[in-house]
Amino acid sequence: MSKKIFYPLLILIIPLAGMAFTDEFNWSLFDFIIMGALLLALGIGIQFIRHRIKQPKKRILLIGLLMVLFLIIWIELAVGIFGTSFAGS
């Protein structure tokens, strides 16, 4: 397993630093765990697609779809745009 799948986890430094400087970020440990799991799944998915799919167009399409799925889940968890119970609303 490549270390590259853990690189997206570095994005968690942004809310961690934000919590130190402002009250606008109010993340709990659970928020960091959930976002870390989502980012890790994204990294693993992208690496899987990069190594298994040989056609460049198909690879770009699948990575794009994976990123859209990630963004939809993230937005739903953050603000509950669809109003599902998944977001806690």
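Here are four short exercises, with worked solutions, on a predicted model of a protein.

**Exercise 1. Describe the overall build of the protein: how many helices and strands does it have, and what pattern do they follow?**

Step 1: Start with the secondary structure. The protein has 3 helices and 0 strands, and reading along the sequence gives α-α-α.

Step 2: Now look at the dimensions. The C-alpha atoms fill a box of roughly 45 × 30 × 15 Å along the principal axes.

Step 3: Turn to the surface. Of the 89 residues, 22% count as buried. The accessible surface comes to about 6900 Å², and 72% of that belongs to carbon and sulfur atoms.

Step 4: Finish with the contacts. Taking those between residues at least 6 apart in sequence, 41% join residues at least 24 apart.

**Exercise 2. Compare Leu12 and Gln47: where does each one sit, and which residues does each one touch?**

Step 1: Find Leu12 on the chain. Leu12 lies in the segment before helix H1 (13-21).

Step 2: Check its exposure. Leu12 has a relative accessible area of 14%, so it is buried, the cut-off being under 20%.

Step 3: List its partners. Beyond its neighbours within four places in sequence, Leu12 is in contact with Trp27, Phe32, Met35, Gly36 and Leu39. The C-alpha atoms of Leu12 and Ala37, which are 25 residues apart along the chain, are separated by 11 Å.

Step 4: Do the same for Gln47, which belongs to helix H2. Its relative accessible area is 12%, so Gln47 is buried. Leaving out residues up to four places away in sequence, Gln47 touches Lys4 and Ile5.

**Exercise 3. Find the largest pocket: which residues line it, and which helix gives the largest share?**

Step 1: Note the volume, about 290 Å³ for the largest pocket.

Step 2: Walk around the lining. The residues are Trp27, Phe30, Asp31, Ile34, Met35, Leu38, Trp74, Leu77 and Ala78.

Step 3: Assign them to helices. Helix H2 (29-52) and H3 each supply at least two lining residues, and the largest share, 5 residues, comes from H2.

Step 4: Link back to Exercise 2. Trp27 and Met35 line this pocket, and both are among the contacts of Leu12.

**Exercise 4. Locate the nonpolar surface patch and decide: is Phe82 buried or exposed?**

Step 1: Pick out the members. Val68, Leu71, Ile72, Trp74, Ile75, Val79, Ile81 and Phe82 make a nonpolar patch of about 770 Å².

Step 2: Place Phe82, which is in the segment after helix H3 (56-79).

Step 3: Judge its exposure. Phe82 counts as exposed because its relative accessibility is 55%, and the cut-off is over 50%.

Step 4: Spot the shared residue. Trp74 belongs to the patch and also lines the largest pocket.

Key: Residues numbered from 1 in each chain as written. Predicted model: local features only at pLDDT ≥ 70, side-chain atom pairs only at ≥ 80, totals over all residues. Heavy atoms only, no water. Patch = residues over 30% accessible without salt bridge, like charges linked within 9 Å, V, L, I, M, F, W, Y side chains within 5 Å. Areas by Shrake-Rupley, 256 points an atom, 1.4 Å probe, with all protein chains shown as cover. Salt bridge = Lys/Arg side-chain N within 4 Å of Asp/Glu carboxyl O. Helix = DSSP H or I, 4+ residues; strand = E, 2+ residues; numbered from the N terminus. Buried < 20%, exposed > 50% of the residue type's maximum accessible area, 1.4 Å probe, protein only. Contact = heavy atoms within 4.5 Å. 1 Å grid on protein atoms, 1.4 Å probe; cavity = no way out; pocket = protein on both sides within 12 Å on 5 of 7 lines; lining within 4 Å. Points joined across faces, edges and corners; volume = space filled by probe spheres on them.
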